[in-house]
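Biologist: Could you take me slowly through one part of this model, and then follow the connections outwards from that part? I would rather have one careful, connected account than a list.

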Amino acid sequence: MPELPEVEALAADLRERAAGRVIERADVAEFAVLKTYNPALTALHGRTITATARYGKFLDLVTERDPGGGPVLHLITHLARAGWLRWRDKLPDEPPRPGKGPLALRVRFADGAGFDLTEAGTRKRLAVYLVADPMAVPGIAALGPDPLDPSFTAATLAQILAGRRTQIKGVLRDQKIIAGIGNAYSDEVLHAARMSPFRLAASLSSEDVAELHAVIVGTLQEAVARSAGLAAGDLKAEKKAGLRVHGRAGQPCPVCGDTVREVSFADSALQYCPTCQTGGKPLADRRMSRLLK
Ligand SMILES: [Zn+2]
């Protein structure tokens with residue numbers, strides 16, 4: 001799933017390619033992905049892309065105000081678990097037909113270039129919104145602070161964690177608490193901070209919070225820097241190559257050489273290094289032990 005660094009890079013790449021281009025048409029190939037109905041997608045036709053933005057893991061394409069005095073429109077996408085954006089220098093002239101393929105939405109510019117939003121599988125989870133105000137998207141309105149915003153300080157993080165009797169792993173990837181960090185970068189942050197993913201948020205000392213804050217910002221900035229300038233097609237491989245523990249169960253920890261382990265967490269799994277993070281002791285898999293009882 002694309003997280004803050006990848007969406008940031010997608011927004012930058014798209015700004016470079018699409019700003020100044022005029023939308024000829026936007027076509028939905030899978031109706032379930034479009035979450036708004038008013039204005040209709042046809043309101044985009046003839047508008048120029050002026051900018052792109054990111055809110056948490058949401059990508060925003062900003063269009064100019066329409067000549068009739070209508071508002072600026074934002075075409076906002078959440079790529080969910082398996083969605084992706086694919087830029088194409090030359091799109092077919094024919095609009096796509098709704099069907100079973102990976103295509104969810106296509107935006108075609110007047111010069112024939114454009115991009116596809118795609119997601120494999122019949123049940124698409126990616127979501128598209130066309131709104132005059134990004135805050136009209138419920139997931140954006142509910143976002144916690146953005147960790148790359150200068151206002152996100154160690155004091156902000158301390159405030160967020162205080163009194164929270166929940167595991168730090170769950171806190172980091174909760175979009176309503178902190179925006180943009182998902183399953184992968186929460187594993188990476190906790191590994192870099194040498195912290196157990198099961199540690200209770202409220203138990204962190206102010207030194208722990210200051211260190212965790214520095215690691216969150218550092219890890220994300222590093223990933224953004226690695227992704228900068230990469231085209232959408234190269235981002236997935238770059239993300240994977242930059243991860244130290246996430247998705248690497250069974251492989252050696254690049255810091256200490258111990259074997260990276262996996263344990264179930266909420267609806268998925270997390271990966272961690274016992275030597276770096278849990279005093280050498282593997283975490284008990286609660287789901288598994290519950291099953292064995
Ligand atoms: Zn290690």
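In which loop is the place of Pro39?

Modeller: Please keep in mind throughout that this is a predicted model. The place of Pro39 is the loop between β1 and β2, and the peptide bond that joins Asn38 to Pro39 is cis, with an omega of about 0°.

The strands on either side of this loop lead to other parts of the model. On one side, β1 (23-28) is among the elements that each supply at least two residues of the largest nonpolar core. On the other side, β2 (residues 49-55) pairs with β3 (residues 58-63) in the antiparallel sense over six bridges, and within this pairing Ala53 stands opposite Asp60 in β3. The hairpin that β2 and β3 form has two residues between the strands, and there Gly56 takes a positive phi near 55°.

From β3 one comes back to the core, since β3, like β1, gives at least two residues to this group. The largest nonpolar core has 34 residues, of which Leu41 and Phe115 touch the most other members. The helix α1 (4-18) gives the most to it, with six residues, while β5 (83-88), β6 (103-109), β7 (114-119), β8 (127-131) and α7 are also among the elements that supply at least two each. In soluble globular proteins, nonpolar side chains tend to be buried together. If residues up to four places away in sequence are left aside, the contacts of Phe115 include Leu14, Leu61, Leu85, Trp87, Leu105, Val107 and Phe109, together with the arginines Arg86, Arg88 and Arg106. A second, separate core has 27 residues, including Leu190, Met195, Val215 and Leu243.

Val215 leads on to helix α6, in which Val215 is one of the buried residues, along with Val209, Leu212, Ile216, Leu220 and others. The elements that cover the buried residues of α6 include α1, α3 (154-161), α4 (168-172), α5 (183-192) and α7. The 22 residues of α6 (residues 206-227) should span 32 Å at 1.5 Å a residue, and the end C-alpha atoms are 32 Å apart, so the expected and modelled lengths agree. Just after α6, Gly229 takes a positive phi of about 85°.

Two alanines also have a positive phi, although neither is a glycine. Ala80, with a phi of about 55°, is found in the loop between β4 (74-78) and β5, and Ala80 counts as buried because its relative accessible area is 9%, under the 20% limit. Ala266, with a phi of about 50°, lies in the loop between β9 and β10.

The strands β9 and β10 bring us, finally, to the metal site. The zinc ion is coordinated by the SG atoms of Cys253, Cys256, Cys273 and Cys276, at 2.2 to 2.4 Å, and with angles of 96 to 115° among the four donor atoms the site is tetrahedral. Along the chain these donors follow the spacing C-x2-C-x16-C-x2-C. Cys253 lies in the loop between α7 (232-242) and β9 (261-265), and Cys273 in the loop between β10 (268-272) and α8 (274-277), so this pair ties together parts that are 20 residues apart in sequence. Both Cys253 and Cys273 are buried.

Terms used: Residues are numbered from 1 along each chain as its sequence is written. This is a predicted model: local features need pLDDT of at least 70, side-chain atom pairs count only at pLDDT 80 or more; totals for chains, interfaces and linings use all residues. Side-chain values use heavy atoms; hydrogens and water are left out. Donors are N, O and S atoms within 2.8 Å of the metal (3.2 Å for Na, K and Ca); water is not among the atoms, so sites may look incomplete. Four donors count as tetrahedral if all angles lie between 85 and 135 degrees; four count as square planar and six as octahedral if opposite donors are over 155 degrees apart and all others between 65 and 115; anything else is irregular. Helices (H or I, at least four residues) and strands (E, at least two) are DSSP runs, numbered from the N terminus. Buried means under 20% relative accessible area, exposed over 50%, partly exposed in between (1.4 Å probe, protein chains only). Two strands pair if DSSP finds at least two bridges between them. A nonpolar core is a set of buried Ala, Val, Leu, Ile, Met, Phe, Trp, Tyr and Cys residues joined through side-chain atoms within 4.5 Å. Contact means heavy atoms within 4.5 Å. The expected span of a helix is 1.5 Å times one less than its number of residues.
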